Amino acid sequence: MIDLRRVLFAAAAAWLLALASTGPAAADQCINDDLIVDGSLCVGFDCVCGEVFGFDTIRLKENNLRIRFQDTSVVPGFPSNDWQLTANDSASGGANKFSIDDIDGARTPFTIEAGAPSHSLYVDDGGRIGFGTSTPVVELHVVDGDSPTLRLQQDGSSGFEPYTWDVVGNETNFFVRDVTGGSALPFRIRPGAPSNSVFVDSNADLGLGTSSPGTVTGLGGAAASDASVHVVRSDGAASILVEENSATAAARVMLELRNNAGGVFINMIDETGADADQWQLKNAGGWFAIARNGTEHFRVVNNGDIQAPAGTVVHSSSRTIKRNIRPVDGGEVLARVASLPVATWEYDRSGPQATHLGPMAEDFYAAFGLGTDERTMASSDACGVA
């Protein structure tokens, strides 16, 4: 008669022997259907029986937390990049952070470090992005307690020279800072600057204090000029100043006006009178002229002549502006004139020349001692001697 207990004992011993020789059985559980968990789920080596979930629906619990999205697409043309959500670095001294990793690209395009303030990055229901605020009111809204700053840094990774700029705003000014260039502030706007302080029109006209630079009208509504730079103020302080602050003393070109032909290059218009009163500085091609309402009153000709084509040259000669007035013996003056060499002559310069008559400055100075030196002679002195 077979002893059933002995058979069962022998079978159990054989099973235990086989288990001891092959190691523990695999603990994987394969579920070939949908899995529905009516409760919370804890995944990780440190989950315990009786886990208290609170409001957690899914909890990952161990010392290296990762969720990998592994795309197994193999058909050409279909995306197959793998991604990962990573909580904290694994090595000692690593960062406390949460990041999104591009596994196939070996990059980490998004990271949040532990300790980042609330609303470091906030996207509201209107698509507005807040940096430091949960209530952005424009498309990009930056909030900080001291000088909110946008940094533009070219790091050299594309072969171009590294360079850094900052765009900053605070209670004293809005400015652009040249960080690499010694933190110079080449552009600044003070609070309270009026609208259209700087205005660039679609045709590249520049308005300072006006949103309609360009054609400037004179008296009666007539166009006075077509201004590319238009300065408008209403406080009595409209002006343009060009100042060189170099410590090196040197002659410099401070204002240069260029044109491919002669013409008017400065208009000065008095708009207070009933009639237009316009003075002009002109380059007439052969001379520089000062004109009033189109009539030239003064010329400096290319050959050095000075002309008054619309009038005469008048010298101030009132005794109220003179000193050391002493009578002169007319006879003595006449005697000197009689001995003064007089000749006809032309100036030593290129081009057609006019013939002149008169004394030489050296002889006139020797005879009368008038003027500042022996190479020049004032017309007023010649008239006085005459």
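Okay, let's start with the sheet: it's an open one, four strands in the order β10-β11-β12-β13, and the pairing is antiparallel. On the edges sit β10 and β13, residues 184-189, each of them pairing on one side only. If you ignore direction, neighbouring strands here are turned by 15° against each other on average. Keep in mind as we go that this is a predicted model.

I'd like to spend my time on β11, which covers residues 163-169. Let's look at its neighbours in turn.

On one side there's β10, residues 149-154, running antiparallel to β11 and joined to it by 6 bridges. Want some residues to click on? Try L150, which stands opposite V167 of β11. Another pair is Q153 with T164 as its bridge partner in β11.

Now the other neighbour, β12, residues 174-178. How many bridges does β11 make with β12? There are 5, and again the sense is antiparallel. One pair to find here is W165 with D178, its bridge partner in β12. These two strands, β11 and β12, also form a hairpin, with 4 residues between them.

Last thing: the faces. In a regular strand, side chains alternate between the two faces of the sheet. So which residues of β11 are on the covered face, and which on the uncovered one? The covered face has T164, D166 and V168. Y163, W165, V167 and G169 make up the uncovered face.

Put that together with the pairs from before: T164, the partner of Q153, belongs to the covered face. V167, opposite L150, is on the uncovered face, and W165, the partner of D178, is on the uncovered face too.

Conventions:
Residues are numbered from 1 along each chain as its sequence is written. This is a predicted model: local features need pLDDT of at least 70, side-chain atom pairs count only at pLDDT 80 or more; totals for chains, interfaces and linings use all residues. Side-chain values use heavy atoms; hydrogens and water are left out. Buried means under 20% relative accessible area, exposed over 50%, partly exposed in between (1.4 Å probe, protein chains only). Two strands pair if DSSP finds at least two bridges between them. Axes are lines fitted to C-alpha atoms, for helices over the stretch in contact, and angles run from 0 to 180 degrees between N-to-C directions.
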